[in-house]
Amino acid sequence: MTRRRKVSIWLAGFLLVFLVTINYVATMFIDLEWTKDKIQTIISQYFDGFNGNIEYQSIDLSILPFPSAKIHKVSLSIPGKLQGTIKDVVITPKISSLVDGNFLIKKVRVKSPDFKIVTSINHEKSRAPKEAITSNTIKYTITNLLSPLVAKLPKFKATVRDGKFAFLENGENIVTFKNLRTKLSCISGKFKIRINCTSNLSKRVSVNANFEQRDTNGDCEVRIRQIKPHSLMNRFLSNSAFSFREKINELVLSFKLSGINNLLVKLGGSPLHLMVDINKFNALAGFHNVTYPLQINEWEILSDGSKIEAMNFSGTFGSTSFNGLNATIGLGKDSQVNIQSDSIFVSFSEIYQWISSFDKMRKTVKDIKSVNGNLELTSFNLNGLLAKPDEWHAEATGVVKELAIDAGALPGPVVVNEGHFALVDNKFTLTDTQVNLIDSSFTMKGTIGHNKKELTKADIAFHGKIGHDSMLWAYNFFKLPSRFMAKSHFYLSQSNIIWKKDSGVSFISNITAPNGPELSVDMVFNPGNLKINNLRFKDEASQASIKISLKEKDINFDFAGSLAQSTLNKIFLDPIISPGWINGDFQAHVPLDHPTFFTMQGKVEGKDFSVPWIKRVPLTINSFSFSGEEQRINVDSIILTWGDANISLDGYCNTSTDGITFNTDMFADRLDWKIISETLGFGNKKEKANEKKNESNKEKLLWTFPVKGELRLRSDCFTYEQFTSNPFHANLLLNNDHIMGTVIDSNLCGLFFPGEFLVTPKHIYLDFQLLSSYQELNGMITCMEDEEGLMTGTIDTNAQIIAQGEIKDIEKSLQGNFNITAKDGRIYKGTPLAKLLAFLNLTEIFIGKIPDITKKGFAYRSMSANGSVHNSKIMLDEIIIDGSSLGITGNGNINLLDNKIDLNFLASPLKTVDFFIKKMPIIGKIMNGRLVAVPVRLKGDIRHPKVSYNFPTNRLLDITKKAIRAPFQIIRKDHRNGKRKK
């Protein structure tokens, strides 16, 4: 080991022992009371002027590795301003300052500070002189803030961890910063600040600042994220329409200082953007996607401690400009605000763009495409408590020019060429305002009341023109009936609209159409109540007055005068009375809770009314005459057209809370069951599947409406499907949910059918007789089948038909019995019997012996048939035909639903017996004087049945024996070998 190395080791060891010894001695020295007082005195020097108190629990002094002092549990209080504690403070002094005795701090580390900063605002009117705030004032203030930092702390580092600071006002928490981490340094003439924390107003706050000590150049950035401004702002503007409710994602406030004379401030992020040059006081500001340059040309700010006054401001904000703007804002809890201006020019397009940028307002103005035009305020005054903007007093006068509002719901833009207005508190006054909408134009004046949040009343007087295109849009937009569509434009004069919130609106106007009548309207609409005080028509043909009151529980209608179709033709494209008129003087009252208890007083008559009815069955009242005596309504005469039927009625009805009772005589030239069933809603198999529900509801209403009474019906013609009765007389009794009738007089192709019926919405009951006596058969068949020359003779009928069931299936429920007799006639082609005779005439037995029915027909002395009806089947129990050359017996059935027959006959020759005996001796021996009988069957379609041989049933044999009363021999053809058998 060299000598130098040994010396180095000894020196290092000595130095280590020396430092440990010094550290131990220093620790003992620190614990002395006078040492603690000395250190506390030195620290307190940094808080001169605060009049506070600092205490701590203990101090640990360390020499290694650097001299430092660790102060435990520090408490700091400044009465009325600040109070709090610090867990630990570590102070590292500058070593050279220990030598010369100045004790300059090099580093400070603060752990877990927890402070409450208290302010108590009690502003009294200050007697201090007003001090003008200018750009130089701002620069001087900034210099005073920065100068002490760079002067007292030439080289310095400080850190704060896990800090908490709460700011209180009069004992109420305003804002609290938590999780505070701070780094401050001043090294080599550069001052740096780094701060990060959270707060009750935002999710995160960060501050980064850098300043040059030499030329005071620097920059600072404050970044705040997830801001909840309502927590702070609503404290000052509680219960205000201007309270801020929306969160702000991020705000970035930055300062750039280029020497003391130049300061540039920027506020950015979402949703606000702002840049201000303090030296020129120019600003560029924006909100959301709206960015307008703010240029302030002249300004002066004064303050006396109790308020701030902004004097003589003038400048521009986008296209908006202001001159002579003065504002005073008081300081304190009951701060007053007062704003005045000589001239303000506002661009509506920029205001609309700004308003529509708000999320909540975007839904409100979504249907407005654009707003253009200008607002010129010639005077403006606004004052009141800053915290209560709803109670501010406002006065303004000005003019609106070239205002154009283009809304999606309107057919075109609403244009206000020029309108003068005045605003005094809650009253807005319009004068000489011209409004245009496509082909309509109005000049209006009036007043509008509001309470800052919403409109409360309006009183507008106007005159002008309503164009046809505007009316066409209104009819389509509100889906009004076409019959109320106006033919041309209208002119309105002496018009007035008065509206009050929660009260209603009244409208008065005189209306004229080109070459048309004079109309005057006086109406009031309240919630649940429409009252037309007077609707008057006047021209050379009409002079009528109508009054209508529609309330929640009743309707009142008054009519006086005469109203002609020619008058309405000048107004409407499709007037409700066309052509025709209405004349009378009457009053009607309908209580909506008991609509059947309506009353009428007076008399009215008219003609040619098209009545809204079920679309499939149009109803037109050709003429009418009514007179009323309270609950009794006398129907002097009603003549109407229902479908193709012409109907007249007269009688009377009485009204009551239980319903309407009537006694009426009805005369018709024709009635059709199809129209009746469609009107009463019985249903139709051919109805379209997409039939409207409201039409079906109207049909059901006819059955549920409480009406009952007696109707004596006299109709010249009544049609049910292919059957027609001439005439048809019946008495009907209506009783709410059913119709009961008795047929008195009828004639269906010579058949009389007296009887009774009962009809309900879904079912029908029939009990009729079918009677005829010595009726001409050919005419009856022609009437029913619409074909002549099938059969001749006379017929007697006696039948009874009963049916009960659903209307659509009534044919399936037919029941009854019948007895029919025909005499002295002939059978021609086109009937099932003609098919039978033609078949027999071609057989080997009868060939050439039966008359040709196509030429002469088959003569008969009598025909009879009796049987019954069961479920739409006619059961023919016994058929007997006594022909001049042939006797026929038979039985079977006819299905009315599918028009099928199945009949069995036995045909017996009468005049050809001698021919058989002489020409066919072998057969004659076999017959031994008996008649020949041939069995035949008719089966299939009633018009074209198939004819064939068939073996007779016992029932048929009994019928034949009874009818012929002589022995007979059945002869039929063997289908297997083609031979005849007996």
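In the predicted model, Arg 937 and Asp 902 form a salt bridge in which the closest N and O atoms are 3.0 Å apart. Arg 937 belongs to strand β53 (residues 931-941) and Asp 902 to strand β52 (residues 900-909), so the pair ties together parts that are 35 residues apart in sequence. The relative accessibility of Arg 937 is 24%, and this residue therefore counts as partly exposed. Side chains of opposite charge can pair when their charged atoms come close. A search of the whole structure yields 8 salt bridges.

Further pairs among these link strands. Asp 665 forms a salt bridge with Arg 712, with 2.7 Å between the closest N and O atoms. Because Asp 665 lies in strand β38 (residues 659-668) and Arg 712 in strand β40 (residues 707-715), the pair ties together parts that are 47 residues apart in sequence. Asp 665 is partly exposed, at 22% relative accessibility. For Glu 376 and Lys 401, which also form a salt bridge, the closest N and O atoms are 3.9 Å apart. Here strand β21 (residues 368-385), which contains Glu 376, is tied to strand β22 (residues 393-407), which contains Lys 401, and the parts so joined are 25 residues apart in sequence. Glu 376 is partly exposed at 28% relative accessibility, and Lys 401 is likewise partly exposed, with a relative accessible area of 32%. In addition, Asp 539, Glu 540 and Lys 570 are linked in a network of salt bridges.

Asp 88, located in strand β4 (residues 82-93), is buried yet has no salt bridge. The nearest side chain of opposite charge is that of Lys 70, at 4.5 Å, whereas a salt bridge requires a separation within 4 Å. The side chain of Asp 88 instead makes a polar contact of 2.9 Å with the side chain of His 72. Leaving aside residues up to four places away in sequence, Asp 88 touches Lys 70, Ile 71, His 72, Lys 73, Arg 109, Val 110 and Lys 111.

The disulfide count comes to 1. The bond joins Cys 749 to Cys 783, with an S to S distance of 1.9 Å, and the link is left-handed, with -65° about the S-S bond. Cys 749 lies in the loop between β44 (739-746) and β45 (755-759) and Cys 783 in helix α12, so the disulfide ties together parts that are 34 residues apart in sequence. The two partners are covered to unequal extents: Cys 749 is buried, with a relative accessible area of 13%, while Cys 783 is partly exposed, at 42%. Elsewhere in the chain, Cys 186 is buried with a relative accessible area of 0%, and Cys 717 counts as buried at 17% relative accessibility.

Helix α12 spans residues 777-785, and its buried residues are Leu 777, Met 780, Ile 781 and Thr 782. An α-helix has 3.6 residues a turn, so residues three or four places apart point the same way. The cover over the buried residues of α12 includes strands β46 (763-776), β47 (794-806), β48 (815-827) and β49 (858-870). At the start of the helix, a side-chain oxygen of Glu 776 reaches to within 3.1 Å of the backbone nitrogen of Asn 778.

Several backbone features were also identified. Most residues other than glycine have a negative phi, and most peptide bonds are trans. Cys 749, although not a glycine, has a positive phi of about 55°. A positive phi of about 55° is also found at Tyr 774, again not a glycine. Tyr 774 is placed in strand β46 and is exposed, with a relative accessible area of 63%. The peptide bond from Asn 726 to Pro 727 is cis, with omega near 0°, and Pro 727 is situated in the loop between β42 (723-725) and β43 (728-735).

Gln 543 is found in strand β31 (residues 543-550) and is exposed, with a relative accessible area of 55%. Its contacts, not counting residues up to four places away in sequence, are with Phe 537, Lys 538, Ala 560, Gly 561 and Ser 562. The C-alpha atoms of Gln 543 and Glu 518 are separated by 9.6 Å, the residues being 25 apart along the chain.

Over the whole chain there are 16 helices and 57 strands, and 38% of the 982 residues count as buried. Of the contacts between residues at least 6 apart in sequence, 45% join residues at least 24 apart. The chain exposes about 56100 Å², of which carbon and sulfur atoms supply 57%.

Definitions and conventions
Residues are numbered from 1 along each chain as its sequence is written. This is a predicted model: local features need pLDDT of at least 70, side-chain atom pairs count only at pLDDT 80 or more; totals for chains, interfaces and linings use all residues. Side-chain values use heavy atoms; hydrogens and water are left out. Buried means under 20% relative accessible area, exposed over 50%, partly exposed in between (1.4 Å probe, protein chains only). Helices (H or I, at least four residues) and strands (E, at least two) are DSSP runs, numbered from the N terminus. Contact means heavy atoms within 4.5 Å. A polar contact is a pair of N or O atoms within 3.5 Å; within protein, one must be able to donate a hydrogen and the other to accept it, and residues adjacent in sequence count only if both atoms are side-chain atoms. A disulfide is a pair of cysteine sulfur atoms within 2.5 Å. Accessible areas come from the Shrake-Rupley method with a 1.4 Å probe; for residues, only the protein chains shown count as cover. Lys and Arg count as positive and Asp and Glu as negative; His and the chain ends are not counted.
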